[in-house]
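Reader: Hey, I've got this structure open and I'm a bit lost. Can you walk me through it?

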Amino acid sequence: MKILLTNDDGVHAPGLEVLEAIAREFSDDIWICAPDEEQSGMGHALTLTRPIRLRRHGERRFSVTGTPTDAVTMGLRKVVDGTPDLILSGVNRGANLGDDVTYSGTVSAAIEGALAGVRSIALSQVIERDGEPDRDTFAAARAWGARVLAPLLDTPLPSRTLVNVNFPPLAAEAVRGVQVVRQGFHDYARGTVVEGRDPRGFKYYWFGLEAIEHTLDHGTDLEAISEGFVSVTPLQLDLTHHASLGALAERFAD
Ligand code: MN
């Protein structure tokens, strides 16, 4: 099985090492193509106004000067010898739950893979900001990664769908299991806007993510993580709100 790995935290991200270890439990035919710097929050951006540089870091190991979507595109078109059977994106340092998914470079890399017709899975490790400092950040992903992936590798997935996996911020033995759940919702889309002054006296603003609130609806990814489970959510690329098609069409009928 040929596997392409990427990570929106960059080609040197610790989470990419975690992902490589997980992937090697299934195959030795591993290819890496990731952004050369962190690209979190870049969503599904495609670089159109600048050239992309491809750098080789080792055998089957490359980076691009662009977004996660650029990395997958280059991986598929210029890096991997042949077509991969699987694209894994992650393991992201931080959650990609609820409304995070459209901001997420991690999920968007998997979206790009799904658009190309390749089975694609995004993996993210939820971080607890005030958790025990000594604990291995990726403990749950390390321990549960292969176990969660195994059934996802041969389950039929319709075209233009992908799977979003999040690991709870717990020690491996504290994880309660895996739940297949729907995407939840944040009550308010973004967190804080921090205001400050730069060294030259000019005002700046910096978005903080710590104050995002959400109601833990039953059966959602947010609830599963808060209860200590690994969340597995199938996502689709058709964003049409089908139930509204009829009512909206009536407004345009003559
Ligand atoms: Mn990231």
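**A chat about the structure**

Author: Sure, and keep in mind that this is a predicted model. Let's start with strand E2: seven of its seven residues are buried, so E2 is largely enclosed by the rest of the structure.

Reader: OK, and which way do E1 and E2 run?

Author: They run parallel, and four bridges join them. In that pairing, Leu-4 stands opposite Trp-31 of E2. To get from E1 to E2 the chain passes through H1, and this β-α-β crossover is right-handed.

Reader: What about E2 and E4, how many bridges join those?

Author: Four, and E2 and E4 (residues 61-64) run parallel. One pair to look for is Ala-34 with its bridge partner Ser-63 in E4.

Reader: Switching topic: what coordinates the manganese ion?

Author: Asp-8 (OD), Asp-9 (OD), Ser-40 (OG) and Asn-92 (OD1) do, at 2.1 to 2.3 Å. Along the sequence, those donor residues follow the spacing D-D-x30-S-x51-N.

Reader: So where do Asp-9 and Ser-40 lie?

Author: Asp-9 is in the loop between strand E1 (2-6) and helix H1 (14-23), while Ser-40 is in the loop between strand E2 (29-35) and strand E3 (54-58). The pair therefore ties together parts that are 31 residues apart in sequence.

Reader: Is Asp-9 buried or exposed?

Author: Asp-9 counts as buried, because its relative accessibility is 15% and the cut-off for buried is under 20%. Ser-40 has a relative accessible area of 35%, so Ser-40 is partly exposed.

Reader: Pockets next! What's the volume of the largest pocket?

Author: There's about 1200 Å³ of space in it. The largest pocket is lined by 35 residues, and the closest to its centre are Gly-94, Ala-95, Asp-100, Arg-129 and Leu-209.

Reader: Which element gives the largest share of that lining?

Author: H5, with three residues. H1, strand E5 (86-93) and helix H5 (221-226) each supply at least two. By class, the lining of the largest pocket has 14 nonpolar, twelve polar and nine charged residues.

Reader: And the second largest pocket, what's its volume?

Author: About 470 Å³. It has 19 lining residues, and Val-101, Gln-183, Leu-235, Gln-236 and Leu-239 lie nearest its centre. Helix H3 (105-115) and strand E11 (229-236) are the elements giving two or more residues to this lining, and E11 gives the most, with four.

Reader: How does that lining divide by class?

Author: The lining of the second largest pocket has eight nonpolar, nine polar and two charged residues.

Terms used: Residues numbered from 1 in each chain as written. Predicted model: local features only at pLDDT ≥ 70, side-chain atom pairs only at ≥ 80, totals over all residues. Heavy atoms only, no water. Donors = N, O, S within 2.8 Å, 3.2 Å for Na, K, Ca; no water. Buried < 20%, exposed > 50% of the residue type's maximum accessible area, 1.4 Å probe, protein only. Pairing = 2+ DSSP bridges. Right-handed = clockwise from strand over helix to strand, strands pointing away. 1 Å grid on protein atoms, 1.4 Å probe; cavity = no way out; pocket = protein on both sides within 12 Å on 5 of 7 lines; lining within 4 Å. Points joined across faces, edges and corners; volume = space filled by probe spheres on them. Nonpolar A, V, L, I, M, F, W, Y, C, P; charged D, E, K, R; others polar.
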